[in-house]
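Please study the structure shown below and work through the exercises that follow it. Each task is accompanied by a solution in steps.

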Amino acid sequence: THVLGTDVDNIFNRYVPLAGFLEERFDVFHAYEMKYPMNLFQENGFVVCAGHQFIRSNSATISYLRDEVLGDCFKANNCDDQVQYNVALHKLRIHWNVNPFGNDRIKISSNVKENDGLLVEQLTGTASLGDNVKLRIKIWDRDFCWRLSNDLPEKCPSMKKNWVAMPTKNDEHISEKRFNKVGKKIAMFRVWDNICRGGDARR
């Protein structure tokens, strides 16, 4: 069974048939994160988000998840999924279709430190898992799967293209400061709808 994994606080902004991902013939689809873990961001030029991915069911992805991502997590019982995914991608030495550090790569320019210098365009690549097994990977472009810190409304994704949004750190837009963590999350959904899905939002 193919799997769409997503955090419960992600915001789906339009319907996208999952069958379309199967037609693209990649095994694993990831979304960009911001810069955590920083050491891997600096080494690889990007990091992926553990909070949203689509995984095709086949021998390559079983090997990827079991051997590369999970590893000995069951023994340690204390694994950070964000770290695990990015360590796995780093160790696989993936052959990307373009150089993530290339001067022609489009990157975000922002006064928000977490966002500045992040890649925007999609990446695709392949990695060898041994025994002639190839893993085909795609990282969705950031407008399609949007993950940034604050920067609203300047960096709202386009309404026509964006599928999923994973906004964070928008406290300055929340008027009620006494909310607990859950209350702030719900208030952030309202902020997102008001700023990025109404009024002057990008079409």
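The exercises below concern a predicted model.

**Exercise 1. The chain as a whole**

Determine how many helices and strands the chain has, and how its radius of gyration compares with the globule rule.

*Solution.*
Step 1. The chain contains six helices and nine strands.
Step 2. Its radius of gyration is 17 Å, and the globule rule gives 17 Å for 203 residues, so the chain is as compact as a globular protein of that length.
Step 3. The C-alpha trace spans about 55 × 40 × 35 Å along its principal axes.
Step 4. Of the 203 residues, 48% count as buried.
Step 5. The exposed area of the chain is about 11200 Å², of which carbon and sulfur atoms supply 50%.
Step 6. Among the contacts with a separation of 6 or more, 63% come from residues 24 or more positions apart.

**Exercise 2. The sheet of six strands**

State the order of the six strands in the open sheet, and identify which strands stand at its edges.

*Solution.*
Step 1. The order is 1-4-3-7-6-5, and the pairing is mixed.
Step 2. Strand 1 (3-6) and strand 5 (95-96) each have a single partner strand, so one side of each is left without a neighbour in the sheet.
Step 3. The mixed pairing can be followed at strand 7. Strand 3 (residues 28-32) pairs with strand 7 (residues 134-139) in the parallel sense over three bridges, and histidine 30 has isoleucine 139 as its bridge partner there.
Step 4. Strand 6 (residues 123-128) and strand 7 run antiparallel and are joined by six bridges. In this pairing, alanine 127 stands opposite leucine 135, and threonine 124 stands opposite lysine 138.
Step 5. The hairpin of strand 6 and strand 7 has five residues between the strands, and glycine 130 takes a positive phi near 90° in this hairpin.

**Exercise 3. The sheet of three strands**

Give the order of the open sheet of three strands, and find the bridge partner of cysteine 145.

*Solution.*
Step 1. The order is 2-9-8, with mixed pairing.
Step 2. Strand 2 (11-12) and strand 8 (145-146) are the edge strands, each pairing on one side only.
Step 3. Strand 8 pairs with strand 9 (residues 164-165) in the parallel sense, over two bridges.
Step 4. The bridge partner of cysteine 145 is valine 164, in strand 9.

**Exercise 4. Cysteine 49**

Decide whether cysteine 49 is buried or exposed, and name the residues that it touches.

*Solution.*
Step 1. Cysteine 49 lies in strand 4 (residues 48-55).
Step 2. The relative accessible area of cysteine 49 is 4%. Buried means under 20%, so cysteine 49 is buried.
Step 3. Residues up to four places away in sequence are not counted; cysteine 49 then touches His30, Ala31, Tyr32, Glu33, Gln82 and Met166.
Step 4. For glutamate 33, the separation from cysteine 49 is 16 residues in sequence, while the C-alpha atoms of the two are 4.4 Å apart in space.

**Exercise 5. A patch at the surface**

Identify which residues make the nonpolar surface patch of about 220 Å², and classify leucine 18 by its accessibility.

*Solution.*
Step 1. The patch is made by Leu4, Phe12 and Leu18.
Step 2. Leucine 18 is located in the loop between strand 2 and helix 1 (19-24).
Step 3. The relative accessibility of leucine 18 is 33%. The partly exposed class lies between the buried limit of 20% and the exposed limit of 50%, so leucine 18 counts as partly exposed.

Definitions and conventions. Residues are numbered from 1 along each chain as its sequence is written. This is a predicted model: local features need pLDDT of at least 70, side-chain atom pairs count only at pLDDT 80 or more; totals for chains, interfaces and linings use all residues. Side-chain values use heavy atoms; hydrogens and water are left out. Two strands pair if DSSP finds at least two bridges between them. Helices (H or I, at least four residues) and strands (E, at least two) are DSSP runs, numbered from the N terminus. Patches are made of residues with over 30% relative accessible area and no salt bridge: like charges are joined within 9 Å, nonpolar side chains (Val, Leu, Ile, Met, Phe, Trp, Tyr) within 5 Å. Accessible areas come from the Shrake-Rupley method with a 1.4 Å probe; for residues, only the protein chains shown count as cover. A salt bridge is a side-chain nitrogen of Lys or Arg within 4 Å of a carboxyl oxygen of Asp or Glu. Buried means under 20% relative accessible area, exposed over 50%, partly exposed in between (1.4 Å probe, protein chains only). The radius of gyration is taken over C-alpha atoms; the globule rule is 2.2 Å times the number of residues to the power 0.38. Contact means heavy atoms within 4.5 Å.
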